[in-house]
Amino acid sequence: MSTIRIHDREFVKSISREEIAAEIKRVAERINKDYAGKRPLLLGVLNGCFMFVSDLMKNLEIECEVSFVKFSSYQGADTTGTVKQVLGLAESIAGRDVIIVEDIVDTGLTMHKMLETLAESKPASLAIASLFLKPARLRVDVDVKYSAFEIPDRFIVGYGLDYDGLGRNLPDVYDVKE
Ligand code: IMP
């Protein structure tokens, strides 16, 4: 079993690069079929999505475009004290078929807010593709149409996902050791 240390925690390898590649291929095949004849805009949510977007796009055979947004939190006058904002959406998404590409859906709050914000720009359709989904953690109802892996409620790193800034470069995925 392969164990690594990042900051103060130990992590154990849980999903290999080969398994990730196979599941991404499966997701891409579904998108190729569902969007045949269309030209979807893949909207990657930085930072965690970069490896997933890259490998997903390499498996898409339909015409497609890509762009990236960032979801920022800042202290504000919201009831929670935090206001979330979508930054960096340069092009108009009105009338477009948009596929949001996310690394992981945990509570679902980020995607819920993202869908709400993007819907205001009147896209033709909006769907979510997430590499990982933690069903047990969902706190709001979000439809993740394309998810490569449903995983238990455990913190993971690798393949774009970080633990306090580190671990994004790992080609495999690791679970935090309890
Ligand atoms: P949500 O709004 O709770 O769904 O949070 C989604 C974001 O939390 C992701 O885009 C990640 O940045 C971060 N996140 C949630 N779970 C993990 C994890 O297990 N490892 C690394 N980042 C995570």
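**Close-up 1. The ligand sits in the largest pocket.** This is a predicted model, where local features need pLDDT of at least 70, side-chain atom pairs count only at pLDDT 80 or more, and totals for chains, interfaces and linings use all residues. Residues are numbered from 1 along each chain as its sequence is written, and side-chain values use heavy atoms, leaving out hydrogens and water. A pocket here is an open set of points on a 1 Å grid over the protein atoms alone, where a 1.4 Å probe fits and protein lies on both sides within 12 Å along at least five of seven lines. To "sit" in a pocket, a molecule needs more than half of its atoms within 2 Å of the pocket's grid points.

**Close-up 2. Two elements, β6 (97–105) and α3 (109–119), give two or more residues each to the shell around the ligand.** Helices (H or I, at least four residues) and strands (E, at least two) are DSSP runs, numbered from the N terminus. With four residues, β6 gives the most to this shell. Which residues come nearest to the ligand? Of the 15 around it (a heavy atom within 4 Å), they are Asp-106, Thr-107, Thr-110, Lys-134 and Ile-156.

**Close-up 3. Lys-134, Glu-102 and Ile-156 put polar atoms beside the ligand.** Look for a polar side-chain atom of Lys-134 at 2.9 Å from a ligand oxygen, and one of Glu-102 at 3.3 Å from an oxygen atom of the ligand. Ile-156 uses a polar backbone atom instead, 2.7 Å from a ligand nitrogen.

**Close-up 4. Lys-177 and Glu-10 meet in a salt bridge.** Their side chains are 3.5 Å apart, N to O; the cut-off is a side-chain nitrogen of Lys or Arg within 4 Å of a carboxyl oxygen of Asp or Glu. Lys-177 follows β10 (173–176) and Glu-10 is in strand β2 (residues 9–15), so the pair ties together parts 167 residues apart in sequence. The whole structure has 16 salt bridges.

**Close-up 5. Leu-46 and Asn-47 are joined by a cis peptide bond.** Omega is about 5 degrees, and Asn-47 belongs to the loop between β3 (41–46) and α2 (50–58). Most peptide bonds are trans.

Key:
A polar contact is a pair of N or O atoms within 3.5 Å; within protein, one must be able to donate a hydrogen and the other to accept it, and residues adjacent in sequence count only if both atoms are side-chain atoms. On a 1 Å grid over the protein atoms alone, a cavity is a set of points where a 1.4 Å probe fits but cannot get out, and a pocket is an open set with protein on both sides within 12 Å along at least five of seven lines; lining residues have an atom within 4 Å of a point.
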